[in-house]
Amino acid sequence: WVEHLGIPGLMAFADNVIVDEHSDPYIIGMVERNGFPNLVFAKFDIDGNQRYVTTINQTGSYAEGRAIVVDGEIAYPVGITNGSYGGASSSGHFDVVIGMFNTSAP
C-alpha cells in the first residue's frame, strides 16, 4: 500500500518512520499549516489505514519532528521548536521539544 499525508499546495515531509510491535508504522516530520511549519506525527495500521495524525505548534513559531519512539501504548515524538511549550519559554533559538501520547487514542 501507499498513502499520502499532506495538505494540497503546502509543504510536508517525513524525517523518520518506525514500526511498533504490531507492525503499525508511525511517521514524524513537518507539515505546513496556517503558514507555519508544524511538527506532525501519524500512525497507520498494517493495512495502510490512517489511525490518527497530530500536529504540534503555536502560531508564529517553527516546529519540526525529528524522531519518535513507541513503548507499548505510549509514543514519544521528539523535535525542534522556537516556540514555548509546557510553561517553558523559548531560549530564543531552537530548543528540543518532546511529547507523550497514548498510541490507541487520536
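**Figure 1. Burial of strand β3 in the predicted model.** Strand β3 covers residues 36–44. Because 8 of its 9 residues are buried, β3 is largely enclosed by the rest of the structure. On one side, β3 pairs with β2 in the antiparallel sense over 8 bridges. Strand β4 (residues 50–56) also pairs with β3 in the antiparallel sense, here over 6 bridges.

**Figure 2. The open sheet that contains β3.** Four strands form this sheet in the order β1-β2-β3-β4, with antiparallel pairing. Its edge strands, β1 and β4, each pair on one side only. Neighbouring strands are turned by 20° against each other on average, with direction ignored. In general, the strands of a sheet pair through backbone hydrogen bonds, either parallel or antiparallel.

**Figure 3. Bridge partners and hairpins on either side of β3.** Toward β2, Ala42 of β3 is the bridge partner of Ile27. The hairpin of β2 and β3 has 2 residues between the strands, and within this hairpin Asn34 takes a positive phi near 55°. Toward β4, Leu39 has Ile56 as its bridge partner, while Phe44 stands opposite Gln50. The hairpin of β3 and β4 has 5 residues between the strands; there, Gly48 takes a positive phi near 90°.

**Figure 4. The largest nonpolar core.** This core is made up of 11 residues: Tyr26, Ile28, Leu39, Phe41, Tyr52, Ile56, Ala63, Ile68, Val70, Ala75 and Val97. Two or more residues are given by each of β2, β3, β4 and β5 (63–71). The largest share, 3 residues, comes from β5. Such grouping has a general counterpart: in soluble globular proteins, nonpolar side chains tend to be buried together.

**Figure 5. Surroundings of Phe41, a member of that core.** Neighbours within four places in sequence are left aside in this view. Phe41 is in contact with Ile27 and Ile28, with Tyr52, Val53 and Thr54, and with Ile68, Pro77 and Phe101. Among these contacts, Ile28, Tyr52 and Ile68 also belong to the largest nonpolar core.

**Figure 6. Asp24, a buried acidic residue without a salt bridge.** Asp24 is found in the loop between β1 (12–19) and β2 (25–33). Which side chain of opposite charge is nearest to Asp24? It is that of Lys43, at 4.1 Å. Because a salt bridge requires a side-chain nitrogen within 4 Å of a carboxyl oxygen, this pair does not count as one. Apart from neighbours within four places in sequence, Asp24 is in contact with Ile18, Val19, Lys43, Phe44, Asp45 and Ile46.

Methods. Residues are numbered from 1 along each chain as its sequence is written. This is a predicted model: local features need pLDDT of at least 70, side-chain atom pairs count only at pLDDT 80 or more; totals for chains, interfaces and linings use all residues. Side-chain values use heavy atoms; hydrogens and water are left out. Buried means under 20% relative accessible area, exposed over 50%, partly exposed in between (1.4 Å probe, protein chains only). Lys and Arg count as positive and Asp and Glu as negative; His and the chain ends are not counted. Contact means heavy atoms within 4.5 Å. Two strands pair if DSSP finds at least two bridges between them. A nonpolar core is a set of buried Ala, Val, Leu, Ile, Met, Phe, Trp, Tyr and Cys residues joined through side-chain atoms within 4.5 Å. Axes are lines fitted to C-alpha atoms, for helices over the stretch in contact, and angles run from 0 to 180 degrees between N-to-C directions.
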